Amino acid sequence: MSQRPPPPQRQPGDWTCPGCGANVFKSKAECFKCKAPRPERPADGDGGASRAPPPKRRGDWTCPQCAANVFASNSECFRCQTPRPVGG
């Protein structure tokens, strides 16, 4: 039976996902587990989330239900699961 390596050390700027509690690297704009966006102000006071969200890219869309910026590769909103609008 092999042992799992220890989880990576938390680095300055890493943030805790408000949706699922996962530790997310500071370079990520959304949670790798539940796709929740990085909060604008971190709940855990780590300072990593105070940066502006990434700019909207070509093909990204705004959810008509909750106004979240959704990446072009998603067919439904990561926050509220509203399907991408037709033609959007």
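What share of the 88 residues of the protein chain counts as buried? Colleagues, the answer is 24%. Please keep in mind that the model before us is a predicted one.

Let me begin with the chain as a whole. The protein chain contains four strands and zero helices, and its pattern along the sequence reads β-β-β-β. The area that the protein chain exposes comes to about 6600 Å², and 53% of that area is supplied by carbon and sulfur atoms. As for contacts with a separation of 6 or more, 17% of them in the protein chain join residues 24 or more positions apart.

I turn now to the annotation. In an unreviewed entry, UniProt lists residues 11-40 and 57-86 under "domain: RanBP2-type". Within residues 11-40, the chain is 13% strand and 0% helix, and the C-alpha atoms at the two ends are 18 Å apart. For residues 57-86, the model likewise gives 0% helix and 13% strand, with 18 Å between the end C-alpha atoms.

Finally, I should like to consider one residue, T82. Where is T82 found? T82 belongs to the segment after β4, the strand at 69-70. Is T82 buried or exposed? Its relative accessibility is 18%, and because buried means under 20% relative accessible area, T82 counts as buried.

Which residues, then, is T82 in contact with, leaving aside neighbours within four places in sequence? They are W61, C63 and P64, together with Q65, E76 and C77.

Thank you for your attention.

Notes: Residues numbered from 1 in each chain as written. Predicted model: local features only at pLDDT ≥ 70, side-chain atom pairs only at ≥ 80, totals over all residues. Heavy atoms only, no water. Buried < 20%, exposed > 50% of the residue type's maximum accessible area, 1.4 Å probe, protein only. Contact = heavy atoms within 4.5 Å. Areas by Shrake-Rupley, 256 points an atom, 1.4 Å probe, with all protein chains shown as cover. UniProt positions renumbered as here; feature names shortened; annotations may be inferred.
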